[in-house]
Amino acid sequence: MSGQSLSDFQHQDSAILHATCVAVEGQGALIVGRSGAGKSALALRMMSLGAKLVADDRVSLQRADDKVVADAAPNLCGLIEVRGVGLLRAETAGQTPVSYVVDLDKTETARLPEPKTIDVLRQSVPLLRAAGIPNLAEALMQLLKMGRVDPEWPST
């Protein structure tokens, strides 16, 4: 991630983060990574598959009870940047609970990884190390719609 990272805000109740967030059926995917990692591009692909934009470039995070809620910074609401095209208007989801953090800087080596978490505003949120995952937009759409199977399955 460029500038400050999620760990810089783990003990706060609110933050504005350089990131992108999309929503699918009320579940938010907070996409983080260095500048140029593809945060907006991933969000745009997911939006073409039915996701709604929560925020691009600057995501406002608030702690609400036992959840982290994402929203757009007011001056960027409803806008997504597409390199080489410009700023595009987008349908927005509004405030959305963050269900997953998708880190485009980290690679997952396990084929069927154990669940990982990251602390965001003193809340534990599932973490996906997503650099280089093929069909990532489609996989995230399915994950946000239907969830994932326990890694111990079918033993559990």
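Below are a few exercises on pockets, salt bridges and a surface patch, each with a worked solution.

The model is predicted, with local features needing pLDDT of at least 70 and side-chain atom pairs counting only at pLDDT 80 or more, while totals for chains, interfaces and linings use all residues. Residues are numbered from 1 along each chain as its sequence is written, and side-chain values use heavy atoms, leaving out hydrogens and water.

**Exercise 1. Work out which residues and elements line the largest pocket.**

Step 1: get the term straight. On a 1 Å grid over the protein atoms alone, a pocket is an open set of points where a 1.4 Å probe fits, with protein on both sides within 12 Å along at least five of seven lines, and lining residues have an atom within 4 Å of a point. Points are joined across faces, edges and corners, and the volume is the space filled by probe spheres set on them.

Step 2: look up the volume, which is about 740 Å³ for the largest pocket. Its lining has 27 residues, and R111, L112, P113, L128 and R148 are the closest to the centre.

Step 3: bring in the elements, where helices are DSSP runs of H or I with at least four residues and strands are runs of E with at least two, numbered from the N terminus. Two or more lining residues come from each of β9 (123-129) and α2 (136-146), and α2 gives the most, with 5 residues.

Step 4: sort by class, counting Ala, Val, Leu, Ile, Met, Phe, Trp, Tyr, Cys and Pro as nonpolar, Asp, Glu, Lys and Arg as charged, and the others, Gly among them, as polar. That gives 16 nonpolar, 4 polar and 7 charged residues.

**Exercise 2. Do the same for the second largest pocket.**

Step 1: this one has a volume of about 280 Å³. Of its 15 lining residues, G36, K39, S40, E81 and R83 sit closest to the centre.

Step 2: the elements giving two or more residues are β1 (14-24), α1 (39-48), β3 (52-64) and β5 (79-82). The largest share, 4 residues, is from α1.

Step 3: the class count is 4 nonpolar, 6 polar and 5 charged.

**Exercise 3. Find what the salt bridges of R34 and K52 tie together.**

Step 1: a salt bridge needs a side-chain nitrogen of Lys or Arg within 4 Å of a carboxyl oxygen of Asp or Glu. The count comes to 5.

Step 2: R34 pairs with D105, with the closest N and O atoms 2.9 Å apart. R34 is in the loop between β2 (27-32) and α1, and D105 in the loop between β7 (96-103) and β8 (116-120), so the bridge ties together parts 71 residues apart in sequence.

Step 3: K52 pairs with E91 at 3.2 Å between the closest N and O atoms. K52 belongs to strand β3 and E91 to the loop between β6 and β7, so this pair links parts 39 residues apart in sequence.

Step 4: check exposure, where buried means under 20% relative accessible area, exposed over 50%, and partly exposed in between (1.4 Å probe, protein chains only). K52 is partly exposed at 35%, whereas E91 is exposed at 55%.

**Exercise 4. Which partner does E108 have, and which residues form a salt-bridge network?**

Step 1: E108 bridges to K116, with the closest N and O atoms 3.0 Å apart.

Step 2: bridges with shared partners join D13, R63 and R122 into one network.
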